[in-house]
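Welcome to a short tour, to be followed with the model open in your viewer. Please load it, switch on a cartoon view, and keep your selection tool at hand.

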Amino acid sequence: MKVPAPQLDAWFSAQDWTAQPFQREVWAHMAEGHSGLLNAPTGTGKTYAVWGGVVNHALLATPAQGRSDNRGLKAIWITPLRALAGEIAESAQRMCDGLGLNWTVGVRTGDTSAKERAAQKKALPQLLVTTPESLHVLLATKGYAELFKHLDWFIADEWHELLGSKRGVQVELALSRLKALRPDLGIWGISATIGNLEEAMTVLHGSAPVDRTRSVDPPGRPNGAGRPAPVLVRSTIKKPIEVRSIIPEEVERYPWAGHLGLKLAHRLLPIIEESTSTLIFTNTRAQSEIWYHHLLDSAPELAGTIALHHGSLDRDVREWVEKALDEGRLKAVVCTSSLDLGVDFRPVESVVQIGGPKGVARFVQRAGRSGHRPDAVSRIWFLPTHALELVEAAALRHAAEEGSIEARQPLFRCFDVLAQYLVTLAVSDGFSPAALYDEVRTTWCFKDITPEEWDWLLTFITTGGKSLTAYDEFRKAVVDPDGMIRVHDRRVALRHKLSIGTIVGSESYAVKLIGGGRIGTVEEWFINQLKPGDVFWFAGRSLEFVRVQGLVAQVRKSREQKGKIPSWQGGRMPLTSYMAKVLRAQLTTPERNEEMNAVQPILARQRETSIVPTEDELLIERFESREGHHVVIYPFEGRLVHEAMGSLLAFRMSLLKPITFSIAMNDYGFELLSDQPIPIEEALDNDLFSPQDLLSDLQRSLNATEMARRKFRDIASIAGLVFKGMPGRPLKERHMRANSGLFFDVFREHEPEHLLLRQAYDEAFDVQMELPRMREALERIGRQRKVLKDPGRFTPFAFPILVDRLREKLTSEQLEDRIRKMTLRLEKA
């Protein structure tokens, strides 16, 4: 293999760095023109490994006279977060300048100014940092092939964040086009936390396109492959992660979610004080607002040295926080996943995780923000929001020590993304259906697409399909006499370019101070419930709602100390399957640690009244209260699986006798509540947990049509059936729902084979209800011994499920009062 250019080693030495073996391995592979995937812990230098490979390849190719080839775009760097783009670009530019490489580094995201985009249209930089959406906007540009004719490298950063999302499918499709334009394109993925590395690499690189211009394949390159197999580079660095739990002074024997965290807030203050800087991670934006407000109330002296960071804050606010953190001007930042990723925040010494992160990979990723250097220890504190989360903390420490991480499952057959992509290419220079079909089949997502499905998609974008063929509005593209499919209507082209992307959320309103600047965005449903004069907390400020003007919520500063806090739909994260597995194992492990010692009072009370199930047991509890008859089942599989499983079992028991249920669940189990005795023993005798007929029983037990209708709203938006509106004049949320609902009903009645309709049902079952995971859970339960207990009252495991059910009916004050009385009765019993 080629050795690195001497300038590269000299530059690393000038930074007082030592190149890691995995960095040198990447440089050597890239010097040979190889593609691959790099896996290394957070904070060990992954970014410089691959940027260094790009620059090293250029230096080695530089002629003797010393001037490098700077014609056109040389490398594309895909980042999942717009906020990271500038930071990555600065790092790359610093390396190019330090090595004397006369290349420029540019950024193109949704935040890029119109002036900068216009300049890039005339001449792209040599290195472009961008997002999947902005790359597809470039593919919608006339003559886009000229933009990429000098492209040598394509890098997908934080590939684990894109894999398993429709944005990852966008990357797959863009790569299939770029590989056709540049057959020798070098492709690299970068990932820190992922369990299925080989599969992730396969998805990124796809298969080789068929070259129909060759009658004979070159030796060793079947089907015109033109490239060696990609390489997997793994770092041997074992970055230590130090996990410390904040143990409550007193552990209640009947725990419940949400109340414990804020009671432990005072324990955070010494951590903040003793650390140079601290990132405090919460799982939702609403939680970050609550914690920021509470910490300032607890320690007013933190004002000016603590900040808030989440995705709904204005970009200028987020950038100020990131810069202040990097410069060491902040002691603490309360944040969400918006700061999970990044090149480097040098001053961060400690990380705190509020509540269970619901996944090992997310926990390790966040821990890696501390000690973000190869030789540093990553320190993370775990603050439980209820006592049983201490079991999760122990499980997370064990998984981190073992180096075990979840797999990320790639998506399959996302026809909405493909329909959008076809129109993107039709808007630019058009495409040949036969040639593009071969390209698309090289992607993982569409490797099994049939000719009939392909023809359906072509019909969909040219006529609207069978149900919409009478409406000109849906005839977006035309088949020209030369067989190419193109968009000629400028209005269609403009609307499509404005709609490129796969992130579909609820309609948002900008929050803006009267006579001042923009603060951020909140969702439409929250603004709709406010009246003039109402006070709410947002961006760490107390704000009084004044009026709505267009899509702007005008506010003024308030001195009120109490007010509503916005929440954002879809913010609650489910427990991953691997996290569920390590949690089940931890619960019954004989190994003792500080977390398991702390929860012994809970487990002891659970054993007194019922049992703590082993890994080969399924616990089922049955008892009666003033509310009715309860059956509580504990699969420990996560909230989403429990929601669907509860509906499934309720349906199957209703076949034995007419009975209705209400269902409540958390990540550990679910409750079935009825006003009459529940035939659980008879149901167990009739294969209650059998995976047989799972899909048909689920379809009958749940309102599958309504679930698919909700999924179809996003699918219709991505596929271009529903236009979201012009800039500054977006379509109202209720109008989008009505429009997509109308299409759903038409297709369901007149075109049940419609691919987007079928996709909606598939996503409802496979994504929302996690059908494959539920099947695996039922198969596991089938091998377990069923233990039916009659404890006579709520047990410590059942109590938090009851509280989650009551939470939906009562105010916070009513709930706490009710829980206090229930706990006293249970302790007395």
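**First stop: H18 and H19.** Select Pro433, Leu436, Tyr437 and Val440 of H18, then add Pro451, Trp454 and Leu458 of H19; these residues meet each other, contact meaning heavy atoms within 4.5 Å. By class, this contact holds seven nonpolar, no polar and no charged residues. Here Ala, Val, Leu, Ile, Met, Phe, Trp, Tyr, Cys and Pro count as nonpolar, Asp, Glu, Lys and Arg as charged, and the others, Gly among them, as polar.

Before going on, a note on the source: this is a predicted model, in which local features need pLDDT of at least 70 and side-chain atom pairs count only at pLDDT 80 or more, while totals for chains, interfaces and linings use all residues. Residues are numbered from 1 along each chain as its sequence is written, and side-chain values use heavy atoms, with hydrogens and water left out.

Now show both helices whole: H18 covers residues 433-440 and H19 residues 451-463. Helices are DSSP runs (H or I, at least four residues), numbered from the N terminus. The two pack at an angle of about 120 degrees, with their axes 12 Å apart. The axes are lines fitted to C-alpha atoms over the stretch in contact, and angles run from 0 to 180 degrees between N-to-C directions. That angle makes H18 oblique to H19; angles under 35 degrees count as roughly parallel, over 145 as roughly antiparallel, 65 to 115 as roughly perpendicular and the rest as oblique.

**Second stop: H25 and H27.** Select residues 639-654 (H25) and 694-701 (H27), whose axes lie 9 Å apart at about 85 degrees. H25 and H27 are therefore roughly perpendicular to each other. Ala644, Ser647, Leu648, Phe651 and Arg652 of H25 make the contact with Leu694, Asp697, Leu698, Arg700 and Ser701 of H27. By class, these residues are five nonpolar, two polar and three charged.

**Third stop: Leu396.** Find Leu396 in helix H16, residues 389-402. Is Leu396 buried or exposed? Its relative accessible area is 0%, so Leu396 is buried (under 20%; exposed is over 50%, partly exposed in between, with a 1.4 Å probe and protein chains only). Leaving aside neighbours within four places in sequence, the contacts of Leu396 are Pro357, Gly359, Val360, Phe363, Phe382 and Met579.

**Last stop: H15.** Select residues 360-367, where seven of the eight residues of H15 are buried. Among them are Val360 and Phe363, both of which you saw in contact with Leu396.
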